[in-house]
Amino acid sequence: MSISMNEARQRSLEFSKKWESEEREHAEAKSFWDDFFNIFGITRKRVASFEEPVKKLGNKQGFIDLFWKGVMVVEHKSRGENLDKAYSQALDYFSGLTEEELPRYVVVSDFHNFRFYDLVNSTSTEFKLTQLYNKLHLFGFMLGFTETVIQEENPADIKAAILMGKLHDMMIENGYSGHKLEVLLVRLLFCFFADDTAIWNKGHFTYYLENKTRQDGSDLGLHLSAVFEVLNTPEDKRLKNLDEDLQMFRYVNGGLFSESLPFPSFNAEMRELLLRCSYFNWSNISPAVFGSLFQSVMNKDVRQNLGAHYTSEKNILKSIKPLFLDDLYEEFEKVRGNTQQLELLLQKINNIKILDPACGCGNFLIVAYRELRLLEIKIHKQIFNLQRRIQLYSIDMGGIDVDSMYGIEVEEWPARIAEVALWLVDHQMNMKLSEEFGEYYVRLPLKKSPNIIFGNALELAWEEIIDPEKLTYIVGNPPFISKQNRTAQQNHDMSLVAGTIRGYGKLDYVTAWYLKAANYIQDTNIKVAFVSTNSITQGEQVEPLWGYMLSKGIKIHFAHRTFKWNNDAKGNASVYCVIIGFSLIKPKKCILYDYETPKSEPVEQIASNINPYLIEFKDLLIKSSRKHIQGSKIPAIAFGNMPNDDSNFLFTNDEKNHFVKIEPSAEKFMKPIYSALQFIQGEKRWCLWLTDITPRELNSMSKVKERVENVRKKREQSTRAATRELAEKPYLFGEIRQPATDYILIPRHSSENRKYIPMGVISKEHIVSDSCLAVHSEDLFYFGVLTSEMNMAWIRQICGRIKSDYRYSNTIGYNTFPFPIDADEKLKNQVRFAAQEVLDIRNKYLDQSLADLYNPLFMPIDLLRAHKKLDKAVDKCYKTRKDLNSDLKRLNLLFELYSEITGR
């Protein structure tokens, strides 16, 4: 059983006194280290061995003085010997150890001097035997104390999950699968963690496996079942003659070990793998990260890329800090000198209840709970500093517990992981509390359980899970699934939640959680924060989603504008996300987190209001329009020409030359055609443009006539009536919208990596395809405005995206964009001159494509300068004294103009 830090300090003083005169390495070293382990209430032989044989480099035989697998190596010398040499000798043993046996700590000593090395943190500490009582914090891991470190990825988490994945696969191959395997693995996770965090005697589960089970693994399943049964039985209800080593396991309760499982069958290889898992120092594993990794062991393909399958703590904190944590810390700073107010703050924390309605393995709940417990500990320390006393029993009776956490998860397996992970992080925090105050504090048996519900959050009534009057916060990361990729079940879910909303079919799946939350929090003070794809603040989704949300009284309190949600795992697809915090309460202040690029760190700014586009402006929705909001003053825009030809009218340069060679008369009907891809990549394409062909000419060209016949047949076979009608004119493109004058070409889709969408002023003799838009004007003023940062800011925010790429829309992007048409002619001419300079510089690089020229890493400096000059010329046309040096400032101005023009 673990002891308190205070008792350990007293024992360390007695230890130092006893061994102050010893000098000989071999005579008393074993007794010395047995006594050392006893300081921490650990029986050394249960966790560590003396003279452990190991092969060093060069296949030389060595013997480790003291070896605790996966935790610590000790090299002991006689008094006065060189400790540098002892440390080098300890490191020499590492080459003969397996990955999971490698220790985190190395300790060298000569009885009177100690050196303590932490290999993870790359730190070393040297002290005398007489100073040991004051250095016990270094050995906190022996009391079950663990560090709370926020990190994107801990290699130990991944290695441990991979081992568990191998064990999982072997169990399945042996016929042990499904629900019973899931329960078994979750129980083993708890036991491994308990072994290293002093829930019972340090390392006792590993000791039991090593010493009580046969090497061939034949009785391992039986012994595991016995351990599980004991963990589910109160000490006073156990058999009187129960094996002593079983009796040492503590009563856990909580329902984790209550279900009866069939005995799993093991062999020697599986037993060895289970032991390798137990050798990891599980106290260093993050429950927030490991839960998702652990879930992924269920899928071999997923396991190849484990690092991609968790939500980083850094990103979780982006949600929970502005949602509640920052306010709580601010309150703590205000009342830190007042014991009574501090106790009221503790009570406030105790009353907090949090729901994650798409909890997965519980990452958000785990981090939120951990941060609340850490703040609790800070408050208790402050009260202690004011009163010089602490009463742990009052913490037990009044502190926040895991039953304050609520979650809904559609799959049972991650739901169970979430439940166990919350118990584990609770124990970590109990050990942190014990470490701070020197008294051992643990919540065993488990009296309270997390409220993790297995079910479909969009079908369940959240009110039946927790009364809205009792809930404080909702937070989470609902599924990122686009409208195109929804399953039949997900379409059904959307109809349940959003069926009454006009245009709900345009919405991504994640919006269902927004809508359901908005209904759930009515007449309450509940605050909500969801991570979502940025598509819900752009394009056609904004009006149906946020029109409903605003009608329900929702106010946005804080928001992270678009940032990249990913990690460094190979093959991990990036997702562009936003975080939106909202409630029915009018916020005292709004906080907007902006990013210079999606990969940058956020910059915080206070806003008077945050609207659905996540800019500082009143709640205004941009409505798509078939005509430009400024009327006929602005040139019309239209899609390009749609061939609908099954590729019969389209040719590469080589194909065109070959075709004309065998059908020379067709050359006069060959015209260059631009698709978005060919325009940007600089590829030359051609098309048969037969708008002016006569019947005699068509009949005289057999190869052309053959292609026209192919088009007719293909259109006639279509299931669409409109396409079948086009078969009556098989010699023409399906839809013809070729401008009568030179025009501005805009690719509808373009890479998000480019600062500017490459556009062009194109001759009317060049056919434009329907993958592009054509502005029916050759005026360089409009070209200059459209290719400027001003228009790019609008498009990035107002238009939707294809994945993360820009999608230029005529109805919601171009037709809603406020042009500075009232600028005087002098300013407009400055735009025209700057736009011409951009085109002239492009012509200097005719051997390079627009994709090359607009590569953000290699954009020619003269082209970049020309664009900057153009940006400034366009900004001047907007007649504002504001410094337009960011997307947010430009958008704020454009929203003002849009509001003035439309009267909305």
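**Note on the predicted model: charges, burial and backbone**

1. A patch of negative charge on the surface is made up of Glu-463, Glu-464, Asp-467, Glu-469 and Asp-523. Patches of this kind are built from residues with over 30% relative accessible area and no salt bridge, and like charges are joined within 9 Å, while nonpolar side chains (Val, Leu, Ile, Met, Phe, Trp, Tyr) are joined within 5 Å. Asp and Glu count as negative and Lys and Arg as positive, whereas His and the chain ends are not counted, and the place of a charge is taken as NZ of Lys, CZ of Arg, CG of Asp or CD of Glu. One member of the patch, Asp-523, sits in the loop between helix H20 (511-520) and strand E11 (527-533), and it counts as exposed because its relative accessibility is 73%.

2. Please keep in mind that this is a predicted model, in which local features need pLDDT of at least 70 and side-chain atom pairs count only at pLDDT 80 or more, although totals for chains, interfaces and linings use all residues. Residues are numbered from 1 along each chain as its sequence is written, and side-chain values use heavy atoms, with hydrogens and water left out.

3. As for the overall picture, the chain has 33 helices and 26 strands, where helices (H or I, at least four residues) and strands (E, at least two) are DSSP runs numbered from the N terminus. Its C-alpha atoms fill a box of roughly 110 × 65 × 55 Å along the principal axes. Of the 904 residues, 57% count as buried; buried means under 20% relative accessible area, exposed means over 50%, and partly exposed lies in between. The accessible areas come from the Shrake-Rupley method with a 1.4 Å probe, and for residues only the protein chains shown count as cover.

4. How many salt bridges does a search of the whole structure find? The search finds 43, each being a side-chain nitrogen of Lys or Arg within 4 Å of a carboxyl oxygen of Asp or Glu. In one of them the side chains of Arg-44 and Asp-34 meet at 2.7 Å, N to O. Arg-44 lies in helix H3 (residues 44-47) and Asp-34 in helix H2 (residues 25-39), so this pair ties together parts that are 10 residues apart in sequence. Arg-44 counts as buried at 15% relative accessibility, whereas Asp-34 is partly exposed at 29%.

5. A salt bridge within one helix is formed by Glu-330 and Lys-334, whose closest N and O atoms are 3.7 Å apart. The two residues are four apart in helix H13 (residues 313-335), and therefore about one helical turn separates them. Glu-330 is partly exposed, with a relative accessible area of 39%, while Lys-334 counts as exposed at 66%.

6. The side chains of Lys-668 and Glu-697 also meet in a salt bridge, at 3.2 Å, N to O. This pair links distant parts of the chain, 29 residues apart, with Lys-668 in the loop between helix H22 (653-662) and strand E18 (670-674) and Glu-697 in helix H24 (residues 695-700). Lys-668 is exposed, with a relative accessible area of 58%, and Glu-697 counts as partly exposed at 22%.

7. Elsewhere, a network of salt bridges links Lys-755, Glu-789, Arg-796, Asp-875, Asp-887 and Arg-890. Helix H28 (residues 789-798) is mostly covered, since 10 of its 10 residues are buried, and among these buried residues are Glu-789 and Arg-796 as well as Trp-794.

8. Two backbone angles deserve a look in the viewer. Most residues other than glycine have a negative phi. Glu-51, however, has a positive phi of about 50° although it is not a glycine; this residue lies in strand E1 (residues 49-55) and counts as partly exposed at 36% relative accessibility. Leu-614 likewise is not a glycine and has a positive phi, of about 60°; Leu-614 is found in the loop between strand E15 (603-607) and strand E16 (637-639), where it is buried with a relative accessible area of 2%.

9. Is Ser-278 buried or exposed? Ser-278, which lies in helix H10 (residues 268-279), is buried, with a relative accessible area of 6%. Its side chain makes a polar contact of 3.4 Å with the side chain of Thr-206. A polar contact is a pair of N or O atoms within 3.5 Å; within protein, one must be able to donate a hydrogen and the other to accept it, and residues adjacent in sequence count only if both atoms are side-chain atoms.

Methods. Buried means under 20% relative accessible area, exposed over 50%, partly exposed in between (1.4 Å probe, protein chains only).
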